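Visitor: I should like to learn how the features of a protein model are read, step by step. Please begin with the chain as a whole and then turn to its details.

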Amino acid sequence: MIESYGAETLARIQFAFTVSFHIIFPAFSIGLASYLAVLNALWMRTRDETYLHLFKYWKKIFAVAFGMGVVSGIVMSYQFGTNWSVFSDKAGPVIGPLMAYEVLSAFFLEAGFLGIMLFGRERVGERLHMFATAMVAFGTLMSATWILSVNSWMQTPAGYSINADGQFVPEDWWQIIFNPSFPYRLVHMVLAAYLTTAFVVGAVGALHMLRDRGDKRARRMFSLAMWMALIVTPIQIFAGDAHGLNTLEHQPAKVMAMEGHYDSHPDGAPLILFGIPNSETRTVDYAIEIPKLSSLILKHHWEAPLDGLDTIPLEDQPPVAIVFWSFRVMVGLGFAMLAVGLWSGLQRWRGHLFDDTWLHRIVLVMGPTGFVAVLAGWITTEVGRQPFTVYGLLRTSESLAPVDAPAVAASLIAFIVVYFFIFGAGTFYILRLMNQPTVTKDRELDEGPVRAAGITPGFQAEHGSGKG
């Protein structure tokens, strides 16, 4: 079946596959790095060993997730040269320096202090160790900043001109970096990363409390995670609404697809809760909708007119069904997180946060939902940008390298096999670490790397080979 697709479709599938694998690791490590910094700071301030044990527990998981995030990200950059070389040639003068700044600043910062954070507590002292931990957390946020700036420029390009060769060349770096959608998308993504981590931490805490309700460390991590769910989820919903209004201003076709508005509504547009977009009849079948609510949300007035996809040339419209459904998955999970946060707040107020078994079960089930919401959000924004790589200026079909479909298909199959083997093993190992009790007698990372028994020449030289 795969040979029936063209090179462009296969290249898009390949990039979607690799970036989907990649994004789940940064989404986790961004939040987890900040969580580790908070745990370490609380340990230094309170001397409560619960925080220290939790720091040691989660830093092993962070180390594995961080490593897989770096490896999966490197693969993506190669695809700019193999499958999307025309895009790289045309947009490279703008996005190339930004991606280089990400490596030179954020990645070097993370890599420089990661070893101290993992192994250095007993070697450099607590203050420098805390500084290193904070720098790793800051590095993950800086990395997100540069990457979101690049991607946001592709969504809302600014500060550029086009030279005689058809290349985008920088005219104003401030406008390029702080392009119109960048602040909204950065805040939305960072908050999503924090919520993703909070629900993973909460799920692990719930798992261990279901086994032993008196587990002090599990109770502490569960409590911290539920505070995050209660406080950050409403902020995230507000940030998402602001991001949507920004998208309506700069990428109206994307919002039309998200809303399922094939037709314009001059007297107020309905909010379609569920339905099946029909690309042939250009309607939403079996729609369940609330009259005029979309106009109230997007224009803050019941009767405000909203344009539909009938105002956009057909060749410039994104695939409606994918954007429509991915947006609803993201929003639905966001409100599910809000419900869990409010539930936990009520039980905390009633003094039953650690006694409500059903809350613990629900939080355990909700553990992976942050990853699903992040993926759904990125599908909404990236598919909604189609058929352009640089919105309104450079089409995806014009960005493809001169590659043949069989070559892209072969590399896609190779990626699928290798990714499921390597990252499947890594994910399985992370799940095993999470399944372990919060206190184990396993070797701690503080003890540092070990030398294999087969390469211990110093010991053998001192004690002889045992034969003489």
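**Reading the chain**

Guide: Of the 468 residues of the protein chain, 48% count as buried. Please bear in mind that this is a predicted model. The chain contains 15 helices and 6 strands. Its radius of gyration is 25 Å, close to the 23 Å that the globule rule gives for 468 residues, so the chain is as compact as a globular protein of that length. Along the principal axes, the C-alpha trace spans about 85 × 60 × 45 Å.

Visitor: How does one read a helix, and what span should the 31 residues of H11 have?

Guide: The general idea is one of periodicity: an α-helix has 3.6 residues a turn, so residues three or four places apart point the same way. The length can be examined as well. At 1.5 Å a residue, H11 should span 45 Å, and its end C-alpha atoms are 45 Å apart, which agrees. Helix H11 covers residues 320–350, and just after H11 comes Gly351, with a positive phi of about 80°.

Visitor: Which residues other than glycine take a positive phi, and where do they lie?

Guide: Arg282 is one of them, with a phi of about 55°. Arg282 is placed in the loop between E3 and E4. With a relative accessible area of 26%, Arg282 is partly exposed, because that class lies between 20% and 50%. His300 is another such residue, its phi being near 60°. The loop between H10 and H11 holds His300, which counts as exposed at 54% relative accessibility.

Visitor: How are the strands on either side of Arg282 arranged?

Guide: For paired strands, one reads the direction, the bridges and the turn. E3 and E4 run antiparallel and are joined by 6 bridges. Together they form a hairpin with 4 residues between them, and Arg282 is in the turn. Within this pairing, Pro277 stands opposite Val284 in E4.

Visitor: Which peptide bond is cis?

Guide: The omega angle is the value to read here. The bond that joins Gln386 and Pro387 is cis, with omega at about 10°. Pro387 belongs to the loop between H13 and strand E5, residues 388–390.

Visitor: How should a pocket be read, and which residues are closest to the centre of the second largest one?

Guide: One takes the volume, then the lining, then the elements that supply it. The second largest pocket has a volume of about 1,200 Å³. It is lined by 42 residues, and those closest to its centre are His188, Gly240, Phe327, Met330 and Val331. By class, this lining comprises 22 nonpolar, 15 polar and 5 charged residues. Among the elements that each supply at least two lining residues are helix H7 (182–211), strand E3 (271–278), helix H11 and helix H13 (369–385). The largest share, 9 residues, comes from H8.

Visitor: How many cavities of 30 Å³ or more does a search of the whole structure find?

Guide: The search finds 1 cavity of that kind. The largest cavity has a volume of about 40 Å³. Its lining consists of Leu248, Pro252, Val255, Met256, Glu259, His261, Leu298, Leu306 and Asp307. These divide into 6 nonpolar, 1 polar and 2 charged residues.

Visitor: Which helix gives the most to the lining of that cavity?

Guide: Helix H9 does, with 4 residues. H9 (252–259) also supplies at least two residues of the lining of the second largest pocket.

Methods: Residues numbered from 1 in each chain as written. Predicted model: local features only at pLDDT ≥ 70, side-chain atom pairs only at ≥ 80, totals over all residues. Heavy atoms only, no water. 1 Å grid on protein atoms, 1.4 Å probe; cavity = no way out; pocket = protein on both sides within 12 Å on 5 of 7 lines; lining within 4 Å. Points joined across faces, edges and corners; volume = space filled by probe spheres on them. Nonpolar A, V, L, I, M, F, W, Y, C, P; charged D, E, K, R; others polar. Expected span 1.5 Å × (residues − 1). Pairing = 2+ DSSP bridges. Rg over C-alpha atoms; globule rule 2.2 N^0.38 Å. Buried < 20%, exposed > 50% of the residue type's maximum accessible area, 1.4 Å probe, protein only.
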